[in-house]
There are 2 protein chains.
Amino acid sequence: MPSVDRVESSSESEVLARFTPTLFQRQQSVRQAGFSHLIVGPGDDAAVLDLRGGQTVVTTDTQVENQDFRWRWPSGLTTTGYDIGWKATTQNLADVAAMGAQPVSMVVSISCPKSSPVQFFEDFAQGMVDACAALGAEACTVAGGDLGTSTELSVTVTALGLTPQPVLRSGAHAGDQVAIAGALGTAAAGLALLETEQLPDLEEPALACIAAQQRPQSPLKAGEKARLAGATAMLDVSDGPLKDASRIADASGITIDFETESLRRFITPLENTASLLSNSPEHLALEWVLTGGENHGLLATFPADAELPTEFTRIGTCREKLDSAVTVDGVSVESKGWDHFGQSMVEDLAD
Amino acid sequence: MPSVDRVESSSESEVLARFTPTLFQRQQSVRQAGFSHLIVGPGDDAAVLDLRGGQTVVTTDTQVENQDFRWRWPSGLTTTGYDIGWKATTQNLADVAAMGAQPVSMVVSISCPKSSPVQFFEDFAQGMVDACAALGAEACTVAGGDLGTSTELSVTVTALGLTPQPVLRSGAHAGDQVAIAGALGTAAAGLALLETEQLPDLEEPALACIAAQQRPQSPLKAGEKARLAGATAMLDVSDGPLKDASRIADASGITIDFETESLRRFITPLENTASLLSNSPEHLALEWVLTGGENHGLLATFPADAELPTEFTRIGTCREKLDSAVTVDGVSVESKGWDHFGQSMVEDLAD
């Protein structure tokens with residue numbers, strides 16, 4: 001068996017040497033493309049950015065092993081450093097896009113066990129950089145970071161973006177259209193597949209659901225387009241549309257009514273995958289679509305007469321405030337979704 | 001025994017309710033003092049800041065239990081959430097100051113075990129806010145964050161600052177003065193005391209050394225003053241002056257020569273504390289001063305004819321580049337200091 005370089009037998013500078021070249025290459029190509037936000041990259045006390053082009057949005061998000069992912073899932077499938085770098089990027093840039101802003105840069109802090117292969121850092125950096133390119137974050141660089149040791153892997157990314165005017169959660173009005181850009185339910189389906197022991201041989205679209213969980217694609221460009229189209233409120237769907245819609249509803253003092261009929265285009269394609277795991281696939285597919293997060297789609301509200309950007313599909317309407325923040329076809333629902341403290345993705349491991 | 005509210009029996013919003021009021025109060029007082037960088041605080045996908053006043057510096061730093069601190073030290077002394085919040089703030093704002101910038105805002109991500117007392121979040125927020133006030137970071141707010149679960153506590157803070165022109169590590173020239181603002185060696189002495197079993201009853205200045213380790217004071221204002229006084233290079237001394245000086249030397253292509261005589265004012269006051277732990281206290285005190293980090297003093301170089309700001313003490317000179325990046329009284333030394341991967345603060349626990 002070939003020996004694996006591990007963090008414990010490497011110096012900090014050796015580990016950095018696996019990490020920073022990928023980032024420098026990205027900086028170079030971003031500069032060549034005409035973006036000049038990053039003035040000083042990794043290597044000093046702090047990175048230096050030029051953020052004078054608008055208001056700055058800033059968001060931060062952490063992934064911890066066995067909480068946010070498993071290295072090896074019950075299905076036998078695994079998570080790579082590349083996946084973690086990709087997902088950390090998507091999670092954060094989706095928050096930037098959900099403010100109607102363009103992503104400009106990220107910093108990353110990684111704490112890892114000493115037994116970690118040094119290769120992890122190369123894979124992680126490549127995952128970040130490839131996600132930026134794939135998601136259309138042309139201006140976005142990785143400006144710097146921090147490395148340290150821990151007994152469990154923990155990765156925190158902080159992302160910065162620029163916008164002339166942020167789109168908040170609090171601006172929706174009764175009568176506004178409710179619309180979604182990006183996928184719904186596929187990441188939740190992917191999680192269910194990853195967590196399933198004795199998984200059957202999978203084909204598309206089940207494989208695409210697993211990819212949606214491990215390397216989510218967020219429609220970043222749709223965020224800025226929504227702002228330009230007059231979006232009154234917007235957020236990143238990380239905890240499921242029901243729960244996230246209730247956040248817009250609560251912040252705006254309205255009720256959001258989802259229309260099952262318009263959600264059908266998300267539900268139907270999942271029923272085949274749901275049938276691998278359940279005897280009532282329609283019900284499971286509906287649950288994935290309404291309460292599954294992590295696709296990092298953008299949920300937005302627009303004035304009744306606004307023309308929706310092509311990325312958006314209308315899925316509901318804002319109503320005068322009722323007892324329930326969210327209704328489905330006019331019927332009250334409890335806001336179901338993700339709560340870090342009330343539950344955990346992998347409850348058994350987390351306790 | 002009174003029951004303790006724990007994270008596992010609280011919802012995310014209940015935990016947030018312990019955390020955000022302290023931050024909102026800080027925002028209010030910062031606004032009343034006339035600073036208006038923070039436009040939207042916690043509660044949306046991202047915070048919104050106005051960073052159009054200069055170039056932005058951004059830095060990130062993580063603390064992990066048993067790696068960067070122990071909840072209970074061998075001495076029997078303990079670490080509180082307040083200490084962790086304070087130290088996370090100082091670590092990050094010192095990096096901002098070391099770029100010659102003024103701190104503007106921070107975001108924080110906390111991952112904690114489900115058994116953590118909810119009180120931790122209140123203490124942590126208070127520690128951050130009090131550190132901002134104590135260090136003179138008048139404009140600095142906590143703009144937002146992320147909470148999640150983990151099996152070990154991990155806290156990542158990202159800080160932002162503004163400057164008309166950053167001071168990098170690479171600008172030192174042969175002939176420049178080398179100077180330090182802030183304390184040297186006391187945080188290392190504090191760590192040694194905390195790690196000592198059967199600690200004798202302590203009095204000042206030993207108690208001050210423990211405070212320097214747990215709630216470090218960085219001379220933030222000195223960073224901007226150094227820039228205005230023409231500092232050619234600067235960094236935050238987090239890994240010990242020998243190692244950190246070698247970083248300036250390497251980046252600038254020079255050698256830094258420390259003068260023991262001018263370090264005497266840092267060494268002598270530590271000898272009494274060193275005598276509690278060693279039979280050769282002069283040697284131990286010298287080691288603390290030369291290789292101990294975490295005081296977050298600012299090490300800077302200035303032109304030979306520059307008048308040093310009052311916070312700075314001259315401790316050496318920049319020379320033409322020699323084989324060794326750092327010398328002491330003209331004698332080569334290996335760059336000793338902190339390496340996260342080569343060693344660990346609490347080696348026995350970290351393996």
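## Two chains, their cores and a cavity

In this predicted model, Arg52(B) is the residue of chain B that comes closest to the rotation axis, its C-alpha lying at 2.1 Å. Two copies of a chain are related by a rotation about an axis and a shift along it. Here, a turn of 180° with a shift of 0.0 Å along the axis lays chain B on chain A with an RMSD of 0.0 Å, which is the relation of a two-fold axis. Because 100% of the interface residues of chain B are also interface residues in chain A, the copies meet through the same surface.

The largest nonpolar core has 95 residues, and those with the most contacts inside it include Ile110(A), Phe124(A) and Leu299(A). Helix H3 of chain A, residues 119-135, gives the largest share of this core, 9 residues. Phe258(A), also one of the residues with the most contacts inside the core, touches Val178(A), Leu263(A), Leu299(A) and Val328(A), among others, when residues up to four places away in sequence are not counted. Apart from this core lies another, of 92 residues, among them Val7(B) and Trp288(B).

A search of the whole structure finds 6 cavities of 30 Å³ or more, and the largest cavity has a volume of about 80 Å³. Among the residues that line the largest cavity are Trp73(B), Asp83(B), Lys87(B) and Gln213(B). Helix H2 (81-97) and helix H5 (206-214) of chain B are the elements that give two or more residues to this lining, and the largest share, 3 residues, comes from H2(B). The table sets out the lining by class.

| Class in the lining of the largest cavity | Residues |
|---|---|
| Nonpolar | 3 residues |
| Polar | 4 residues |
| Charged | 3 residues |

Notes
Residues are numbered from 1 along each chain as its sequence is written. Chains are lettered from A and ligands numbered from 1 in the order in which they are written. This is a predicted model: local features need pLDDT of at least 70, side-chain atom pairs count only at pLDDT 80 or more; totals for chains, interfaces and linings use all residues. Side-chain values use heavy atoms; hydrogens and water are left out. Copies are superposed by least squares on the C-alpha atoms of residues with pLDDT of at least 70 in both. Contact means heavy atoms within 4.5 Å. A nonpolar core is a set of buried Ala, Val, Leu, Ile, Met, Phe, Trp, Tyr and Cys residues joined through side-chain atoms within 4.5 Å. Buried means under 20% relative accessible area, exposed over 50%, partly exposed in between (1.4 Å probe, protein chains only). Helices (H or I, at least four residues) and strands (E, at least two) are DSSP runs, numbered from the N terminus. On a 1 Å grid over the protein atoms alone, a cavity is a set of points where a 1.4 Å probe fits but cannot get out, and a pocket is an open set with protein on both sides within 12 Å along at least five of seven lines; lining residues have an atom within 4 Å of a point. Grid points are joined across faces, edges and corners, and a volume is the space filled by probe spheres set on the points. Ala, Val, Leu, Ile, Met, Phe, Trp, Tyr, Cys and Pro count as nonpolar, Asp, Glu, Lys and Arg as charged, and the others, Gly among them, as polar.
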